[in-house]
Amino acid sequence: MTARIIEIFIMEGIALLMIWLGYMIGVKKRMEFIAGYNEKTADRVINKDGLARLIARVCYLVGIASALMPVATALFGTTNAVLMQWIGGYGGFIVGVVVLTLLQAQEFKK
């Protein structure tokens, strides 16, 4: 039971952080929260609003997946094998989202 509580705190903390980052980047246009973005490289970005929307969407997706992960493991993670499949699926989802974001972000720079 203790491991489930730790999982809930960690994953929900990640979810809150990612949703907050999505809000700050997408709505408040705080571009300094984007990794690798600074004033020196800002002139290479063609569409700053589009980049902010893209990164905000990614943050929201990761936040939602992180929020749902404890629910999925509690409902369906009855054995260690199934639990490892859910954890692997979550990791694969994160890797896929990051790779697709890196590819799509190329459209926003010179």
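Mentor: Before we look at any residue, recall that buried means under 20% relative accessible area, exposed over 50%, and partly exposed in between, with a 1.4 Å probe and protein chains only. This is a predicted model, in which local features need pLDDT of at least 70 and side-chain atom pairs count only at pLDDT 80 or more, while totals for chains, interfaces and linings use all residues. Residues are numbered from 1 along each chain as its sequence is written, and side-chain values use heavy atoms, with hydrogens and water left out.

Trainee: Where is valine 71 placed, and is valine 71 buried or partly exposed?

Mentor: Valine 71 lies in helix H2, helices being DSSP runs of H or I with at least four residues, numbered from the N terminus. Its relative accessible area is 45%, so valine 71 is partly exposed.

Trainee: Which residues make the nonpolar surface patch?

Mentor: Patches are made of residues with over 30% relative accessible area and no salt bridge (a side-chain nitrogen of Lys or Arg within 4 Å of a carboxyl oxygen of Asp or Glu), and nonpolar side chains (Val, Leu, Ile, Met, Phe, Trp, Tyr) are joined within 5 Å. Here Val71, Leu75, Phe76 and Trp86 make a patch of about 400 Å², with areas taken from the Shrake-Rupley method and a 1.4 Å probe; the largest share, 3 residues, comes from H2.

Trainee: What is serine 66, also in H2, in contact with?

Mentor: Contact means heavy atoms within 4.5 Å. Leaving aside neighbours within four places in sequence, serine 66 touches Met11, Glu12, Ile14, Ala15 and Tyr90, and because its relative accessibility is 0%, serine 66 counts as buried.

Trainee: Which residues of H3 are buried, and what covers them?

Mentor: An α-helix has 3.6 residues a turn, so residues three or four places apart point the same way. In H3 the buried residues are Leu83, Tyr90, Val97, Thr101 and Ala105, and their cover includes helix H1 (2-26) and helix H2 (48-76). Helix H3 itself, residues 80-105, reaches 37 Å from its first C-alpha to its last, close to the 38 Å expected, the expected span being 1.5 Å times one less than the number of residues.

Trainee: How many helices and strands has the protein chain, and how should its radius of gyration be read?

Mentor: The chain has 3 helices and 0 strands. The radius of gyration is taken over C-alpha atoms, and the globule rule is 2.2 Å times the number of residues to the power 0.38. For 110 residues that rule gives 13 Å, whereas the chain has 16 Å, well over it, so the chain is more spread out than a compact globule. Along its principal axes the C-alpha trace spans about 50 × 25 × 20 Å.

Methods. Helices (H or I, at least four residues) and strands (E, at least two) are DSSP runs, numbered from the N terminus. Patches are made of residues with over 30% relative accessible area and no salt bridge: like charges are joined within 9 Å, nonpolar side chains (Val, Leu, Ile, Met, Phe, Trp, Tyr) within 5 Å.
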